[in-house]
Amino acid sequence: MNKRARAATILRRLRREYPLKGEFVRWSTPLELVIGVVLSAQCTDKKVNEVTRPLFKKYRTARAYARANIRTLEREVHSTGFYRSKARYLKGIGKLLDEKFKGKVPRTLDELLLLPGVSYKSAHLIMAKAFNTPTGIAVDTHVLRVAPRLGLTKHHTPEKIGAELEKLYKSKDFLDVNEHFIMHGRAICKPKPLCGSCVLQDVCPSAKKFLRTGKKRT
Ligand code: SF4
């Protein structure tokens, strides 16, 4: 099986193994998506949706967030956790959008990354969902560990791994690759991998090595 076919098999099996729950932060404008995604850090989408329902009614523009009272905003986002940082991010996003982007969410990855609280993963997600423009695969610590083990790349830096994965997968699958590699990295392909319980064992070039040696890290 060539690498591209193996990559497809891997994603197909991971999708089966870790079905996405279908819940996602609710939004109807790019601004609402940005706010929802920032609030979703370390928080469930369900909780974010509870919090954003009144929030989106109250703050309808970037300027409204820019002018928000920080203590009030902290109270309003309190139950999503990390409320002080998140309130600061929301106000900062409002300010930057209002001052630099005429109140609109920008449509490029580099500009999205200027927004406080917006990570690479969030920026890729916003580009794909709000503007229907998949821009890439975010490589976090799990993807960084799992992709080389699966023999999908020989590289070990996030930039190079991301670029190689983006050649192997269709752009419509970019968000799913990130999501499923992370779920697999958390559940099975941990720093000390559980290869004996892995659905990818037969397509993973590292499985034998780990099973034979019990080696802990790549
Ligand atoms: S077989 Fe082992 S190393 Fe390969 S993906 Fe599964 S857990 Fe990770």
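## Around Cys204 and the rest of the fold

Let's start at Cys204, which, leaving out residues up to four places away in sequence, touches Arg149, Leu150 and Cys198. Everything here comes from a predicted model. Cys204 sits in the loop that links α11 and α12. Cys204 counts as buried because 22 C-beta neighbours lie inside 10 Å, and the cut-off for buried is 20 or more.

Cys189 is in the loop between α11 (174–187) and α12 (207–213) too. With 25 C-beta neighbours inside 10 Å, Cys189 is therefore buried. Setting aside residues up to four places away in sequence, Cys189 touches Arg145, Val146, Arg149, His184 and Cys198. Arg149 and Cys198 turn up on the list for Cys189, and both are also among the residues that Cys204 touches.

**The ligand and the annotated site**

Which residues carry the UniProt annotation "binding site"? According to that unreviewed entry, they are Cys189, Cys195, Cys198 and Cys204. These four are spread over 16 residues of sequence, yet they cluster in space, with a largest C-alpha distance of 11.0 Å.

The model's ligand fits into the same story. There are 14 residues around the ligand, and those that come nearest are Cys189, Pro193, Cys195, Cys198 and Cys204. Sorted by chemistry, the shell around the ligand has eleven nonpolar residues, two polar and one charged.

**The overall build**

How many helices and strands does the protein have? The count is twelve helices and zero strands, so to speak a plain run of α-α-α-α-α-α-α-α-α-α-α-α when read along the sequence. The C-alpha atoms fill a box of roughly 60 × 30 × 25 Å along the principal axes. Of the protein's 218 residues, 36% count as buried. Take the contacts between residues at least 6 apart in sequence: 59% of them join residues at least 24 apart.

The UniProt record (an unreviewed entry) also lists "domain: HhH-GPD" at residues 39–187. That span is 64% helix and 0% strand, and its end C-alpha atoms lie 24 Å apart.

**Two domains, one core**

The domain assignment splits the protein into domain 1 (30–131) and domain 2 (137–213). Their centres, taken over C-alpha atoms, are 30 Å from each other. Where the two meet, five residues of domain 1 and five residues of domain 2 make the contact. On the domain 1 side, the residues that touch domain 2 are three nonpolar, one polar and one charged.

Now for the inside. The largest nonpolar core has 55 residues, and the ones with the most contacts inside it are Val34, Val38, Leu90, Ile93, Ile126 and Ala147. Which helix gives the most to this core? That would be helix α2 (residues 30–39), with seven residues. The core draws at least three residues from each of domain 1 (30–131) and domain 2 (137–213).

Leu90 is one of those well-connected core residues. Beyond its neighbours within four places in sequence, Leu90 is in contact with Ile35, Val38, Tyr65 and Leu73. Val38 is itself on the list of residues with the most contacts inside the core.

**Two leucines to look at**

Is Leu39 buried or exposed? Leu39 is buried, because 28 other C-beta atoms lie within 10 Å. This residue belongs to helix α2. Apart from residues up to four places away in sequence, Leu39 touches Val48, Val51, Thr52, Val77, Thr80 and Lys86.

Leu109 is a useful counterpoint. Its place is in helix α7 (residues 109–112). Leu109 is partly exposed because it has 16 other C-beta atoms within 10 Å, a count that falls between the cut-offs of 12 or fewer for exposed and 20 or more for buried. Leaving out neighbours within four places in sequence, Leu109 is in contact with Ala123, Met127 and Thr135.

Each leucine also comes with a C-alpha distance to a residue further along the chain:

| Pair | Separation in sequence | C-alpha distance |
|---|---|---|
| Leu109 and Ala123 | 14 residues | 6.0 Å |
| Leu39 and Leu73 | 34 residues | 12 Å |

Ala123 appears in the table with Leu109 and is also one of the contacts of Leu109.

Key
Residues are numbered from 1 along each chain as its sequence is written. This is a predicted model: local features need pLDDT of at least 70, side-chain atom pairs count only at pLDDT 80 or more; totals for chains, interfaces and linings use all residues. A residue is near a molecule or strand if its C-beta atom, placed from the backbone, lies within 6 Å of it. Ala, Val, Leu, Ile, Met, Phe, Trp, Tyr, Cys and Pro count as nonpolar, Asp, Glu, Lys and Arg as charged, and the others, Gly among them, as polar. Helices (H or I, at least four residues) and strands (E, at least two) are DSSP runs, numbered from the N terminus. Two residues are in contact if their C-beta atoms, placed from the backbone, lie within 7 Å. UniProt positions are given in the numbering used here, feature names are shortened, and annotations may be inferred rather than shown by experiment. Domain bounds come from an automatic or database domain assignment. A nonpolar core is a set of buried Ala, Val, Leu, Ile, Met, Phe, Trp, Tyr and Cys residues joined through C-beta atoms within 7 Å.
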